[in-house]
Amino acid sequence: TSLDLTNWDVSTVTGQATACFLSMVNLRYINISGWDMRNVTSHNTFMRSIGENSAGIGVDIVADDILFDANSTNWYQMFYQAKINSISVRNWRLGATSASVGQMWRDVGNSTGYTDKFNLDLSSWTNTSTLSGLNMDNWCLNSKGMKTIDLTGWDLSNCTSFNSWFNNCSFLREIRGLDTLSLDSCTTLSSAFSACGRLSFNNSNFSNTFLPNATCTNFSGTFYNCGDVLTGAELSVVPNTANWNMSAATSVLNMFRDNIYRAGEVFTFNWNAPLLTSFYLTFYNTKGIAEINFSGATLPAVIDLRQMAQNCSQLERIVFGANCDFSGVSAMNNIANGCGILRRLQFDLAVDFSSVTSMSSIANSTSVLEVSDYDLVLNRMAATNTNAVTISFNNTNYTIAVSGAARSTLIGNGCTITDAGGI
C-alpha cells in the first residue's frame with residue numbers, strides 16, 4: 001500500500017492530528033511533504049506502529065518541509081513502534097513553544113526483521129531550543145532500526161532530563177553532531193547510551209563543553225555495555241568525558257561498565273566532584289583501556305573504591321592525584337582484581353588511608369605492580385591507619401629498606417598481608 005499525499009492543502013485543519021496514520025500496518029510508502037499544519041495542536045502517535053505487517057521490509061517515509069507552528073505542542077510517541085525502512089524529514093520547524101517529543105522514536109524497528117534499517121538526519125530542523133523539561137527521556141529507547149542519527153546544530157540547552165536517551169539502540173553506529181551539543185540544564189544522564197553495542201565515537205565525540213553547568217546528578221549506567229559488539233578496525237576511542245562538569249554528580253555506578261574500546265585507550269578525568277562518594281563498578285569489565293587517570297581530578301568525598309576497575313584485562317595503569325582525598329575511603333577491595341597486566345597503581349605521596357578496612361585482592365594474582373607504588377601504600381597505611389586490614393598485593397615485592405618497617409608495623413596492628421616478599 002502506498003500513499004502519495006504530497007502538498008495536500010491541510011492548512012485549514014485545526015485541532016488534533018492525533019493517530020492520523022496510526023497502525024496502518026500494511027503501508028509500504030507514504031509521502032506527506034509540503035503539508036502546512038500550522039493550526040494543528042497535536043501530532044501525538046501521528047505515525048505510530050505503521051508498517052507493522054511489511055514482512056521485514058518496513059515503510060519508506062517522506063515528510064519533508066512540514067510547517068508546524070506554535071500551536072503544535074504534542075509530538076509524543078509520533079513514530080513509536082513504527083517499522084521504518086527509510087525516512088526523510090528535512091526542514092521541520094518546531095513551534096515557538098515547547099513541544100512534547102517524549103518517546104518520539106521509541107521502539108522504532110524493535111522487532112526481528114526490522115533492525116538496522118535507516119539513517120535519521122535531523123540536522124535541518126529549526127527552533128530546537130524550544131524543547132525543554134523531560135523531552136529527551138526515552139526519546140530513542142530501543143530504537144533498533146536506527147543506524148545513524150544527525151543532531152548537528154540542535155540546541156538542547158533547555159532540556160533537563162535525558163534518562164535512557166539512546167538506551168538499547170543496539171544498531172546505532174554514530175550520533176553526528178555530538179561535538180556541537182551542550183546540555184546546559186541536564187540533571188540526569190542515567191542509562192543514556194547504555195546497551196548501544198555498535199556506537200562509536202571515532203568520528204563524532206563530545207566537546208569539552210557538553211556538560212558546562214553544575215546541574216547533572218545521575219550518571220548511573222550512562223555508557224553501560226557501550227561499543228561491546230565492535231571488533232577490529234571498528235573499535236572506538238573512549239567518549240570524551242574528561243572535562244564534564246561533575247560538581248553535582250552523586251552516582252557513577254556502572255558508568256563505563258562492560259565497554260569495549262580500541263587497545264591502548266586512556267581515560268583522563270579532570271572532574272571536580274565534591275559530592276561523589278563511590279566508584280563502585282564504574283569501569284568493571286571494560287576492555288581496551290590502558291590507563292585510568294585521575295591526576296587532574298578533585299575528589300574530596302570518596303568512601304568506596306570497591307571493584308572500580310575489576311576485570312579490566314588490558315589495564316596497565318591507574319593514577320590518582322593530589323586532590324583525590326581518600327581519608328574517608330573504607331573499602332578498596334578488588335579495585336583492580338582481574339587486571340592481569342596492571343603495572344602501576346599510583347597514589348599521591350601524602351595519601352591518607354585512615355578509614356580503610358579492606359584492601360583484599362587489590363590486584364590480580366598474576367599482576368606484578370611497581371615496587372615503589374607498593375612501598376608507598378605500605379608507608380602511608382602505617383602512617384595513617386591503625387585498623388586490622390587484609391592487604392593483598394599478591395606477586396608484588398616491597399623494598400625492605402624503604403617500607404619494611406612500615407610493613408612490620410601493620411602486621412603488629414593486626415593486618416594480614418599477602419605479597420611476594422621483600423627485596
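Ala99 touches Ser72, Thr73, Leu131 and Asn135, leaving aside residues up to four places away in sequence. In this predicted model, Ala99 is found in the loop between S6 and S7. Its relative accessibility is 1%, and Ala99 therefore counts as buried. A further relation concerns Ser132: the C-alpha atoms of Ala99 and Ser132 are 8.1 Å apart in space, although 33 residues separate the two in sequence.

Strand S6, which precedes this loop, also belongs to an open sheet. Four strands form that sheet in the order S1-S3-S5-S6, and their pairing is parallel. Strand S1 (2–4) and strand S6 (84–88) are the edge strands, each pairing on one side only. On average, neighbouring strands of the sheet are turned by 10 degrees against each other, direction ignored. In general, strands of a sheet pair through backbone hydrogen bonds, either parallel or antiparallel. At one edge, S1 pairs with strand S3 (residues 29–31) in the parallel sense over three bridges. Within this pair of strands, Ser2 stands opposite Tyr29 in S3.

The nonpolar interior comes next. The largest nonpolar core has 127 residues, of which Trp105, Trp139, Trp165 and Phe166 touch the most other members. Several elements give two or more residues to this core, namely strand S5 (59–62), S6, strand S7 (118–121), strand S8 (146–150), strand S10 (260–268), S11, S12 and helix H1 (371–384). The largest share, five residues, comes from H1. Trp165 illustrates the contacts made in this region: leaving aside its neighbours within four places in sequence, Trp165 is in contact with Met136, Asn138, Trp139, Cys140, Leu141, Leu151, Leu156, Leu181, Ser191, Ala192, Phe193 and Phe210.

One of these contacts, Cys140, leads to the cysteines. A search of the whole structure finds zero disulfides. Cys140 is accordingly in no disulfide, and the nearest cysteine sulfur, that of Cys169, is 5.3 Å away. A disulfide would require the two sulfur atoms to be within 2.5 Å. Cys140 counts as buried because its relative accessibility is 0%. Cys20, by contrast, counts as partly exposed, because its relative accessibility is 38%.

Charged side chains form the last part of the picture. A search of the whole structure finds 12 salt bridges. One of them joins Asp107 to Arg106, with the closest N and O atoms 3.6 Å apart. Asp107 has a relative accessible area of 9% and is therefore buried. Another salt bridge joins Arg257 to Asp258, where the closest N and O atoms are 3.4 Å apart. Both Arg257 and Asp258 are buried.

Glu291 and Arg317 also form a salt bridge, with the closest N and O atoms 3.7 Å apart. This pair links distant parts of the chain, since Glu291 lies in strand S11 (residues 287–294) and Arg317 in strand S12 (residues 317–320), 26 residues apart. Which of the categories, buried or partly exposed, applies to Glu291? With a relative accessible area of 14%, Glu291 falls under the 20% limit and is therefore buried. Arg317 has a relative accessible area of 30%, so this residue is partly exposed. The strands that carry this pair, S11 and S12, are also among the elements that give two or more residues to the largest nonpolar core.

Key
Residues numbered from 1 in each chain as written. Predicted model: local features only at pLDDT ≥ 70, side-chain atom pairs only at ≥ 80, totals over all residues. Heavy atoms only, no water. Pairing = 2+ DSSP bridges. Axes fitted to C-alpha atoms, helices over the stretch in contact; angles between N-to-C directions. Buried < 20%, exposed > 50% of the residue type's maximum accessible area, 1.4 Å probe, protein only. Salt bridge = Lys/Arg side-chain N within 4 Å of Asp/Glu carboxyl O. Core = buried A, V, L, I, M, F, W, Y, C linked by side-chain atoms within 4.5 Å. Contact = heavy atoms within 4.5 Å.
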